[in-house]
Amino acid sequence: MPHFTIEYSANLDGRLDIGAVCEVVRKAAVETGIFPLGGIRVRAVRCEHYAIADSRQDYGFLDMVLRIGEGRDLPTRKTAGEHVFQALSRHLDPVFAASKFALSFDMQINDKDTSWKRNNIHDALKVEATHG
């Protein structure tokens with residue numbers, strides 16, 4: 001953890017480089033200093049079918065959910081969330097300027113008793129850091 005899932009309206013194709021969006025979010029998550037590098041995941045899901053407000057086809061959206069493990073206090077979570085949101089929001093300024101657009105971001109805490117994980121990326125990063 002952390003795992004970011006981005007859902008976005010298909011009408012953003014051509015107006016937005018979603019790969020660049022994923023990288024902005026990944027980089028901002030690293031910059032917070034509170035997430036283990038080997039656990040960061042950013043994925044994007046294009047929503048082909050959607051309805052927004054009064055159904056005008058030029059409205060767009062990007063909704064991001066961050067799932068994290070337990071153990072971080074509220075001030076830490078808020079500071080990290082604000083940092084990620086501001087980085088993403090700045091990156092999306094041109095979309096806001098050119099169209100009607102909605103951006104949302106929510107953070108959720110996974111219950112450790114009902115969350116299973118298997119990940120050998122952490123170990124690989126430790127070995128790489130030690131041996132170059």
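Start with Lys117: its side chain makes a polar contact with the side chain of Ser115, at 2.5 Å. This is a predicted model, so take that distance, like the others I give, as a property of the prediction. Lys117 sits in the loop between strand 4 and helix 4, the latter being 121–131. How accessible is Lys117? Its relative accessible area is 53%, and with the exposed class beginning over 50%, Lys117 is exposed.

The loop also comes back to the start of the chain. The C-alpha atoms of Lys117 and Met1 are 8.9 Å apart, with their positions 116 residues apart along the chain. Met1 is itself worth a look, since a cis peptide bond joins Met1 and Pro2. Omega there is about 20°. Pro2 belongs to the segment before strand 1.

Now the overall layout. The protein chain has four helices and four strands, and in sequence order they read β-α-β-β-α-α-β-α. The C-alpha trace spans about 50 × 35 × 25 Å along its principal axes. Of the 132 residues in the chain, 36% are buried. On contact order: take the contacts between residues at least 6 apart in sequence, and 82% of them join residues at least 24 apart.

Next, the core. The largest nonpolar core has 26 residues, and the members that touch the most other members are Leu62, Met64 and Leu92. Which elements each supply at least two residues to this core? They are strand 1 (3–9), helix 1 (18–32), strand 3, helix 2 (74–91) and strand 4 (101–109). Helix 1 gives the largest share, six residues.

Leu62 shows how this looks at one position. Leaving aside residues up to four places away in sequence, Leu62 touches Ile6, Glu7, Tyr8, Leu16, Ile18, Val21, Leu88, Leu92, Phe101, Ala102, Leu103 and Ser104.

The next residue along is Asp63, also in strand 3. Asp63 is buried and has no salt bridge. The nearest side chain of opposite charge is Arg67, 11 Å away. What does the side chain of Asp63 contact through polar atoms? One partner is the side chain of Ser104, at 2.5 Å. With residues up to four places away left out again, Asp63 touches Thr5, Ile6, Glu7, Ser104 and Asp106. Ser104 therefore appears in the contact lists of both Leu62 and Asp63, given that a contact is heavy atoms within 4.5 Å.

On the helical side, consider Val24, which is in helix 1. Val24 is partly exposed, with a relative accessible area of 22%. Beyond four places in sequence, Val24 touches Ala87, Leu88 and His91. The C-alpha atoms of Val24 and His91 are separated by 7.6 Å, for residues 67 apart along the chain.

Aromatics next. There are two aromatic pairs in the structure. Tyr50 and Phe61 form an edge-to-face pair, 5.8 Å centre to centre, with 75° between the planes. This pair links distant parts of the chain: Tyr50 lies in the loop between strand 2 (41–47) and strand 3 (60–68), Phe61 lies in strand 3, and they are eleven residues apart. The two rings fall in separate accessibility classes, because buried means under 20%: Tyr50 is partly exposed at 26%, while Phe61 is buried at 16%.

The other pair is Phe96 with Phe101. Their ring centres are 4.9 Å apart and their planes are at 80°, so this pair is edge-to-face as well. Is each of these two rings' residues buried or partly exposed? Phe96 is partly exposed, with a relative accessible area of 35%, and Phe101 is buried at 13%. Phe101 is also one of the residues touched by Leu62.

Last, two backbone angles to check. Ala53 has phi near 45°, a positive value in a residue other than glycine. Ser55 likewise has a positive phi, near 75°, and is not glycine. Where are they? Ala53 is in the loop between strand 2 and strand 3, and Ser55 is in the loop between strand 2 and strand 3 too. Ala53 is exposed at 73% relative accessibility, whereas Ser55 is partly exposed at 44%. Tyr50, from the Phe61 pair, is in that loop as well.

Key
Residues are numbered from 1 along each chain as its sequence is written. This is a predicted model: local features need pLDDT of at least 70, side-chain atom pairs count only at pLDDT 80 or more; totals for chains, interfaces and linings use all residues. Side-chain values use heavy atoms; hydrogens and water are left out. Rings of Phe, Tyr and Trp (its six-membered ring) pair if their centres lie within 6.5 Å; planes under 30 degrees apart count as stacked, over 60 as edge-to-face and the rest as tilted. Buried means under 20% relative accessible area, exposed over 50%, partly exposed in between (1.4 Å probe, protein chains only). A nonpolar core is a set of buried Ala, Val, Leu, Ile, Met, Phe, Trp, Tyr and Cys residues joined through side-chain atoms within 4.5 Å. Lys and Arg count as positive and Asp and Glu as negative; His and the chain ends are not counted. A salt bridge is a side-chain nitrogen of Lys or Arg within 4 Å of a carboxyl oxygen of Asp or Glu. A polar contact is a pair of N or O atoms within 3.5 Å; within protein, one must be able to donate a hydrogen and the other to accept it, and residues adjacent in sequence count only if both atoms are side-chain atoms.
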